[in-house]
Amino acid sequence: MKSACRRALFLTLFISVQLATAVQAYGPLGHEIVGGIADERLANTPTAMKIRTLLDGLTLEKAAVIADEIKGWDKKGVDDPKAFHYSAHQKIDKQLRDFWRANQPTHDLNPAAPSHHWFHYTDVPVVPVQKYRDGTAGRSKWDIVHMISYCVDVLRGRVPEQNERKITKPVALILLAHYVADIHQPLHVGAEYFDAQGRPADPDKETSALGDEGGNTFTLELSDEPPRRRGIRKKNFHAFWDYDAVNALFPEVPSTLRKSELQAQIEPFKKELVHEMAMQEPKNWRMPSNIDIHNYAELWADEILPVAHEANSSMFVRNKKKVVWSRRVKRMKNCSPTKSVIARGQRILSEKNCTKPDGASPIC
Ligand SMILES: [Zn+2]
């Protein structure tokens, strides 16, 4: 079985020629789970009251997906008559529109203002293994590590609400609810870089090296799925971690279901998972008491980088194609739900042809 599994463990990755691939979002379900855990942990506390006031009654579960939802304004602009509104929360709607205008997506390589898309990730090289602070390639003052700290500072009153990024306290909270989940997705933090010949390269030494944009420039081919051809959607390596790794926590549902039916089926499982995680906070989720909240994001990035390395390190070149051969994931020590989500992602990669994913049961 073991060797049969191994033979079946081939996953093919092609370097995509599409340089303009948009950075995919960590799936809404993953964000809702993270927001939902926070809602439950904070319930009936003074902090929950403050959040309720700032978010005009919105839950963190709902707020957690807004940073992705507003990407829906990108194509035609926020002032398009058909652009959606958060009509039930007009004050927040206005602030989100101001935020979007101040941080519009751009194709300009040196724009005067950052794009709000940049705030969702950082591209720290995973080869050689390093920490966020160890180099400069892939990092920027507008990356997720800096933006989480920025939002924390707005909420603490250390950065004024009238700032150039138009991040008011409600917007800071909305963004934080989202970015805290993104930074726990390994491919939102780590990236692999390649030279002109497609060989892995260290961008701090080879400045012409191109990054894989957190796996967005790879197409993932699973060996037990039909080859990609017209009409069959390509699987993006980054999106696999955004969606499949989270979906694997839940029982499989027929792909023919409508979106609303699918949501209705998943909802009770999601609630159960949120409740479980909120009731039993894993010990390693808590930051040491001597660490200032301003520095949490950097520590979170450092914590996830080895996992990003692991996700990328199983790739090799075969017939000029990127091939990934993923190893069985070891049972994780000090397993936390976040890590179990990650582990499940790796487990699907490694067991795709061997065993059927076993529904909602945790890996540890
Ligand atoms: Zn995001």
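1. A residue counts as exposed if 12 or fewer other C-beta atoms lie within 10 Å of its own. Lysine 205 has 10 such atoms, and therefore is exposed. Lysine 205 sits in the loop that joins strand 4 (193-194) to strand 5 (210-211). Its C-alpha lies 9.6 Å from that of alanine 137, although 68 residues separate the two along the chain. The model under discussion is a predicted one.

2. Overall make-up. The protein chain contains 12 helices and 9 strands. Of its 364 residues, 38% are buried. Taking contacts between residues at least 6 apart in sequence, 68% are between residues at least 24 apart.

3. The core. The largest nonpolar core holds 70 residues, and Ile148, Cys151, Leu175, Ile183 and Ala301 have the most contacts inside it. Helix 8 (residues 169-182) is the element that gives the most to this core, namely 10 residues. Alanine 301 can be followed further: outside its neighbours within four places in sequence, its contacts are Thr122, Val124, Tyr132, Val145, Ile183 and Val189.

4. Helix 7 against helix 8. The two helices pack with their axes 9 Å apart and at an angle of about 145°. The crossing of helix 7 with helix 8 is left-handed. On the helix 7 side the contact is made by Ile144, Met147, Ile148, Cys151, Val154 and Leu155; on the helix 8 side, by Lys169, Ala172, Leu173, Leu175, Leu176, Tyr179, Val180 and Asp182. By class, the residues of this contact are 12 nonpolar, no polar and 2 charged.

5. Proline 170. This residue belongs to helix 8. Is proline 170 buried or exposed? It has 24 other C-beta atoms within 10 Å, so it is buried; the cut-off for that class is 20 or more. Not counting residues up to four places away in sequence, proline 170 touches Leu54, Leu55, Ile92 and Gln95. Between proline 170 and leucine 155 the C-alpha distance is 8.4 Å, with their positions 15 residues apart in sequence.

6. Helix 2. Helix 2 (28-42) precedes the loop that holds asparagine 44. The helix has 15 residues, and from first C-alpha to last it reaches 21 Å, close to the 21 Å expected at 1.5 Å a residue. Its buried residues are Gly30, His31, Glu32, Ile33, Val34, Gly35, Gly36, Ile37, Ala38 and Asp39. The partners against which the buried residues of helix 2 pack are helix 4 (60-63), helix 8, helix 9 (237-247) and helix 10 (259-279). Helix 8 thus appears both here and in the contact with helix 7.

7. Backbone points to check by eye. Most residues other than glycine have a negative phi, and most peptide bonds are trans. Which residue just after helix 2 takes a positive phi? Asparagine 44 does, at about 60°. It lies in the loop leading from helix 2 to helix 3 (46-54). Asparagine 44 counts as exposed because it has 7 C-beta neighbours inside 10 Å.

8. Lysine 166. Here too phi is positive in a residue other than glycine, near 60°. Lysine 166 is placed in the loop between helix 7 and helix 8, the pair of helices described in point 4. With 17 other C-beta atoms within 10 Å, lysine 166 is partly exposed.

9. A cis peptide bond. The bond from valine 127 to proline 128 is cis, and its omega is near -5°. Proline 128 is in the loop between strand 2 (124-125) and helix 7 (144-156). Val124, from that strand, is one of the contacts of alanine 301.

10. Glycine 72. Where is glycine 72 placed? It is found in the loop between helix 5 (66-69) and helix 6 (90-102). Glycine 72 has 11 other C-beta atoms within 10 Å and so is exposed. Its C-alpha and that of phenylalanine 84 are 8.2 Å apart, with the two residues 12 apart along the chain.

Key
Residues numbered from 1 in each chain as written. Predicted model: local features only at pLDDT ≥ 70, side-chain atom pairs only at ≥ 80, totals over all residues. Core = buried A, V, L, I, M, F, W, Y, C linked by C-beta atoms within 7 Å. Helix = DSSP H or I, 4+ residues; strand = E, 2+ residues; numbered from the N terminus. Contact = placed C-beta atoms within 7 Å. Axes fitted to C-alpha atoms, helices over the stretch in contact; angles between N-to-C directions. Left-handed = near helix turned anticlockwise from the far one by under 90°. Nonpolar A, V, L, I, M, F, W, Y, C, P; charged D, E, K, R; others polar. Expected span 1.5 Å × (residues − 1).
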